Structure formats: structure tokens, C-alpha cells
Amino acid sequence: MVTPAAMNHIAYQTTDLAATHAFWTKALGARLAGAVRQDAAITSSGESMNPFLHVFYELAGGECIAFFDVAGEYQAKDDGLEWWAKHLALSVSSQEELAAVAQQLRDHGVEVRGPVDHDGLWYSVYCFDPNGVHLEITHQTRPLGEPDAIEARSLYDTWLADRAAERV
Ligand SMILES: [Fe+2]
């Protein structure tokens, strides 16, 4: 079995490209590393696609967060999810870096929550980017080991059982 090696990029849509560019380059220091511009097109399955610019902002580790600025009219979709659940967590390598990034964001006028201590394993601050992307900036204090995997399996099993029995 091949397990993919790493996340290459994650893509969102932006409705304010200039604010998005400022946030990712100025508040978080990501580099505009690539872009793809495409004219209106029809997909192989017959759906129409509006013209767009696809921009890639590169993190220090080489992964990218990407955005589509889509021109023209389209039918917007709502994902219907809990507001906090879907988020993107970005790593920093120390508590000092976490504090520094939180300050960078605040200096950019961004409301930052935290730091939150998650079991001493992750220390995280949270904010939203100009597109409503829920961001977590986190310092993971140690790698996940075998005891973590064993506990995860136990939590998974008991959670499913509790859900099935309507205990939660
Ligand atoms: Fe998270």
C-alpha cells in the first residue's frame, strides 16, 4: 500500500483576493509561490467552470495553501457544518514561535484566540483568515507515539459504542 507522503496543498475559495494576499504574505510570511490562470471551461463531465486565478502561498515547510478567485456568476454552496469543526492547523516549532505568530496576526488586526493547551501535546492559537478559513497555529510538543495510537483506538471504539447506544 502506498501512503501519500505529505500534504501538497489545500485549496479554498477567496472572495477578497487582495485581503487574502495581505493576510498570508504579511501576517504569516507565506510566499506567493505559484499561480494558475484559467479561462472559462467545460469539464469532461459537462459542468461549466468559471474563469479563475488559483494562487499558492508556500509555508516554510514547502506545503502550500491555495485559493481560487473565481470570476463571474456561480451557485454558492453552504457546507452546513458546525462553525468550528473544519479548520486548518499549521505547525510552528516552539512556544516562542507560537507567541510570535500570534503577535504578527494581532499586529495585522486579526482577532486571535488562545493559546489553548490540548493535553500538553498541542498548544494552539486560533483565528480566521479573510475568507473565513478557520486557522489553528499549533506547537506540537512531541511526536505521536505508540501509547497515543493505543489510546486513540480505545477512544474510537468507546465513542462509536456510546454513539450507537445514544449515550452522547
Ligand atoms: Fe485542530
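**Figure 1. Pro-115 in its strand, with a cis bond at its door.** Start with Pro-115, which is found in strand β8, a run covering residues 113–118. In this predicted model, the peptide bond that joins Gly-114 and Pro-115 is cis. Its omega comes out at about 10 degrees.

**Figure 2. Two residues with positive phi that are not glycines.** Which residue takes a positive phi of about 60 degrees although it is not a glycine? That is Asp-119, and its place is the loop between β8 and β9 (122–128). Asp-119 is exposed, with a relative accessible area of 80%. Glu-166 gets a panel here as well: it is a residue other than glycine, and its phi is positive, near 55 degrees. Look for Glu-166 in the segment after α3 (146–164). Is Glu-166 buried or exposed? With 69% relative accessibility, Glu-166 counts as exposed.

**Figure 3. The iron ion and the two residues that hold on to it.** Here the iron ion is coordinated by His-87, through NE2, and by Glu-136, through OE, at 2.1 to 2.2 Å. His-87 sits in the loop between β6 (64–70) and β7 (88–92), while Glu-136 belongs to strand β10 (residues 134–140), so the pair ties together parts that are 49 residues apart in sequence. The two also have their own accessibility classes. His-87 is partly exposed, at a relative accessible area of 37%. Glu-136 counts as buried, at 8%.

**Figure 4. A four-stranded open sheet.** What is the order of the strands in this sheet? Going across, you meet β1-β6-β5-β2, and the pairing is mixed. The edges belong to β1 (9–14) and β2 (31–38); each has a single partner strand, so one side of each is left without a neighbour in the sheet. From one strand to the next, the twist averages 20 degrees. Helix α1 (residues 17–27) packs on this sheet and touches β1, β2, β5 and β6. The direction of α1 makes about 10 degrees with that of β5.

**Figure 5. Strand β5 and its two partners.** Now zoom in on β5 (residues 52–58), which pairs with β2 in the antiparallel sense over 7 bridges. Two of the residue pairs are worth picking out. Leu-32 has Tyr-57 in β5 as its bridge partner, and Arg-37 has Leu-53 in β5. Turn to β6, and you find that 7 bridges join it to β5, with the two strands running antiparallel. Here Phe-56 stands opposite Ala-66 in β6. The hairpin of β5 and β6 has 5 residues between the strands, and in this hairpin Gly-62 takes a positive phi near 105 degrees. How many residues of β5 are buried? The count is 5 of its 7 residues, which makes β5 mostly covered.

**Figure 6. Where domain 1 meets domain 2.** The domain assignment splits the protein chain into domain 1 (1–74) and domain 2 (83–168). Taken over C-alpha atoms, the centres of domain 1 and domain 2 are 23 Å apart. At the meeting place, 18 residues of domain 1 are in contact with 15 residues of domain 2. Between them, the two domains bury about 1,200 Å², and 75% of that is on carbon and sulfur atoms. Which three residues supply more than any other three of the area that domain 1 buries against domain 2? They are Tyr-12, Phe-23 and Ala-27, and they supply 43% of it.

**Figure 7. Stepping back to the whole chain.** After the close-ups, here is the full protein chain, with 3 helices and 10 strands. Read along the sequence, the elements follow the pattern β-α-β-β-β-β-β-β-α-β-β-β-α. The C-alpha atoms fill a box of roughly 50 × 40 × 35 Å, taken along the principal axes. Of the 168 residues in the protein chain, 25% count as buried. There is also a figure for contacts between residues at least 6 apart in sequence: 47% of these contacts join residues at least 24 apart.

Definitions and conventions:
Residues numbered from 1 in each chain as written. Predicted model: local features only at pLDDT ≥ 70, side-chain atom pairs only at ≥ 80, totals over all residues. Heavy atoms only, no water. Buried < 20%, exposed > 50% of the residue type's maximum accessible area, 1.4 Å probe, protein only. Donors = N, O, S within 2.8 Å, 3.2 Å for Na, K, Ca; no water. Pairing = 2+ DSSP bridges. Axes fitted to C-alpha atoms, helices over the stretch in contact; angles between N-to-C directions. Contact = heavy atoms within 4.5 Å. Domains from an automatic or database assignment. Buried area = accessible area lost by both parts, 1.4 Å probe.
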